[in-house]
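Dear colleague,

Here is the structure I said I would pass on. My notes on a strand pair and a helix follow below it.

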Amino acid sequence: DPETGLALVSLWVPPGTWVERATGLVRTGKSSGAAAAGATAAESVGVGVHAPQCPAASRAGISVDCAVSWPFDKEACLERGCCWDPEAAGRALGDTLAAPPCFLGHEAAALVAQKEADLGEVPTLVKAGAIVPELDLDPGGGRAELVGAAGKPYERLVLSCFVSGVSGGVGRFYEDDGTSTAYAATSLELGAFTWTNVKWTYDPDLGTFTVVVGAVEGGAFEGRPDARAYRVKLVNAPPPASLHLTKGGSQAHSPERVPWRRQAKRRPPFGAAEGEPSWHYDGAEATLTICLPPLPTSEPVTLVVAALFPDQAVQVQRAAAQVTAALKAREASVWAKNSSTRKLRAAAAKPAARPPLERAAAERSVGAAKQAADALLSGVRGAFRRAALAKLVLNEARLCPGEVTGQQSSGALQTLAATPARLSRAAALDPAAAGDVAGDGSAAFWELVAGLPGMVMAARREVADINATSESAWRVKHATALLRVAYDDLLLT
């Protein structure tokens, strides 16, 4: 959009719970019927008994291309659980305006979400519960650290656990020497490669997250690390009341308390030791990060995090803000589209549409306390990212309210931009050290999170009131649009 500088993106949300990696927004794809995924999804999206309806849906212009590669045929299309239109397949391939021959059916197409994103954002979804391993590289470490990193031993790894919407997840990562074909063997014991299993679980009765990194399994290879340092990230997780680490098996070692430590501005070089274990909370990413020094890969590592969840008052505050905002938006939309009183009353009587979230199922699987935290933290990362980008766009032309001497400002955008640091500090407060009852120390943290929609709205109004020249007007429109999208994402759940 040349006015706002944002792009409209179609994002297909498969059945299940997913997390947008760039924004932390939790999305739920909901399909009607018993089919969920894989081969059974074929019947729910139009294959089998629904196949005759596919061509009509394609010609109606509501189709979404389901093919991911070329060439493709009918069999490959149906195996993906999609619909095949023989008439579209017979048309000229050069006609880009024609409906695709392999397309999503009615129910699958209904799972396509439309969202606005800035050009620096690549919308991607991560399955809720997934564990994503990554090399812990420091881009500022220079060319020597980045070049050839794939062939180096995994002496430092980042394990990102996406804990929203589910009560656990499993994964594993593979490792070999990175330079030869010695991994090509028929068995795990003989092959020159290893697997390491990782899992996390949430106990709703105790309110604890448990992360277990297993011992390496498999053969030996040159350069196989005997010890490895980890940064374990719990994405969209609440701050901890306590955090304990158990090295090796629970029979031989007792848990040790992991202390808080201020987040370092620069990570150690690749493969360097970090010293003692510690944790910090990244407010901008809404992520709890646990830093572990090099530990023996031959033994398992267990982390137990007792979480601080929001109390009922904070939940009610956020819910009330969502309801009020939805009513105001609906009222404004109705007034804009209806001119007569009769039309206004008829439109107001219609029920408002709600996102297809399976709340009852979520409560049963993860517990009410965690579900409330998941809803509050959904979209927080994206809100902070867009607020920082809006402030940057305005700062480049010295338009940010309050940044110029003598300029009148309510300070809303500046307050919003400083909130991530305030969240990090609030999460670091130790209830036991402060003499509070366990759980009360989280009040400041959750009050900030619950008040985030109001802060974003105040910043948006402040930016919209900026008097800019014709050359800088696009900056105000772009910043306003970024804050609008941030606000909408926070209220989506």
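In this predicted model, strand β17 (residues 278-282) pairs with strand β18 (residues 287-296) in the antiparallel sense, over five bridges. Asp282 of β17 has Thr287 of β18 opposite it. Four residues lie between the strands of this hairpin, and Ala286 has a positive phi there, near 50°.

β17 is mostly covered, with five of its five residues buried. Its side chains split in two directions: Ser278, His280 and Asp282 point one way, while Trp279 and Tyr281 point the other way. Residues on both sides are buried.

Is Ser278 buried or exposed? Its relative accessible area is 6%, and buried means under 20%, so Ser278 counts as buried. Leaving aside residues up to four places away in sequence, Ser278 touches Val258, Pro259, Arg261, Thr289, Ile290 and Cys291. Among these contacts, Thr289, Ile290 and Cys291 fall within the residue range of β18.

The other element I looked at is helix α15 (residues 473-490). Its 18 residues should span 26 Å at 1.5 Å a residue, and the C-alpha atoms at its ends are 26 Å apart, so the expected and modelled values agree. In α15, 13 of the 18 residues are buried, so the helix is largely enclosed by the rest of the structure.

Regards

Definitions and conventions
Residues numbered from 1 in each chain as written. Predicted model: local features only at pLDDT ≥ 70, side-chain atom pairs only at ≥ 80, totals over all residues. Heavy atoms only, no water. Buried < 20%, exposed > 50% of the residue type's maximum accessible area, 1.4 Å probe, protein only. Contact = heavy atoms within 4.5 Å. Expected span 1.5 Å × (residues − 1). Pairing = 2+ DSSP bridges.
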